[in-house]
Amino acid sequence: MTDTAAERNMATTKKLLEDAMPNLDWDLMRSLVTPDAMLTRAGFADIYEATGDAIPQKANFIEWLQSGWKPLTDALSDMKGEAKDIVASGNTVMMKFRLEATHSGTFAGAPATGKRVGWDEITVIHFNDEGKITEMWYMCQELSLAQQIGYKLQLA
């Protein structure tokens, strides 16, 4: 892999997470991934499962846009993303990024607070040789977000 390909893959990762997903640019999201790109999501999916709701933790990315991303953005609107750290090796990009949104709808059973919330995430994204995303893995700071929207931590 050339440095140019690594730079291209990092730029694509930033475009997906800073532009396409927060702005609900469905066409751009679809253009950056292969049709069979897989997504594994930890964090938000865990919150939803723990509270009785369900969004897929693992799915085809294109299908997940409606069943997973849409419910998240309905509850967490006006989202902004910012890359913090990003590195590439071969066809793999790792990025730490920050998302902020307004808690404007029911999120994992918690009614809207109208508050601005923020959380950090880490992603690992794999690309094919043509620069399209083939696989994504995300881990978010779900406990911090849950506390910001009003959940109280109870230890046994």
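**Surroundings of Leu39 and the salt bridges of the strands**

Leu39 is placed in strand β1, which covers residues 33-42, in what is a predicted model. With a relative accessibility of 0%, against a limit of under 20% for burial, Leu39 counts as buried. When residues up to four places away in sequence are left aside, the contacts of Leu39 comprise Gln57, Lys58, Ala59, Phe61, Trp64, Met136 and Tyr138. A further spatial relation concerns Ile125, which is 86 residues from Leu39 along the chain, and whose C-alpha atom is separated from that of Leu39 by 9.3 Å.

Attention then turns to the charged side chains, among which a count of 5 salt bridges is obtained. One of these joins Arg116 to Asp78, with a nitrogen-to-oxygen distance of 3.5 Å between the two side chains. Because Arg116 belongs to strand β5 (residues 116-127) and Asp78 to strand β3 (residues 76-89), this pair ties together parts of the chain that are 38 residues apart in sequence. Both partners fall in the intermediate class of accessibility: Arg116 is partly exposed at 38% relative accessibility, and Asp78 is likewise partly exposed, at 47%. The pairing of Arg116 and Asp78 also forms part of a wider arrangement, in that Asp78, Lys80 and Arg116 are linked in a network of salt bridges.

Arg98 takes part in salt bridges with two acidic residues, Glu100 and Asp120. In the pair formed with Glu100, the side chains meet at 3.6 Å, taken from nitrogen to oxygen, whereas in the pair formed with Asp120 the corresponding distance is 3.3 Å. Since Arg98 lies in strand β4 (residues 92-103) and Asp120 in strand β5, the latter pair ties together parts that are 22 residues apart in sequence. As to solvent accessibility, Arg98 is partly exposed, having a relative accessible area of 25%; Glu100, at 33% relative accessibility, is also assigned to the partly exposed class, and Asp120, at 24%, counts as partly exposed as well.

Strand β5 thus supplies a partner to each of the two cross-strand pairs described here, through Arg116 in the bridge to Asp78 of strand β3 and through Asp120 in the bridge to Arg98 of strand β4. The residues of these bridges are partly exposed, as exemplified by Asp78 at 47% and Asp120 at 24%, while Leu39 in strand β1 is buried at 0% relative accessibility.

Technical notes
Residues are numbered from 1 along each chain as its sequence is written. This is a predicted model: local features need pLDDT of at least 70, side-chain atom pairs count only at pLDDT 80 or more; totals for chains, interfaces and linings use all residues. Side-chain values use heavy atoms; hydrogens and water are left out. Helices (H or I, at least four residues) and strands (E, at least two) are DSSP runs, numbered from the N terminus. Buried means under 20% relative accessible area, exposed over 50%, partly exposed in between (1.4 Å probe, protein chains only). Contact means heavy atoms within 4.5 Å. A salt bridge is a side-chain nitrogen of Lys or Arg within 4 Å of a carboxyl oxygen of Asp or Glu.
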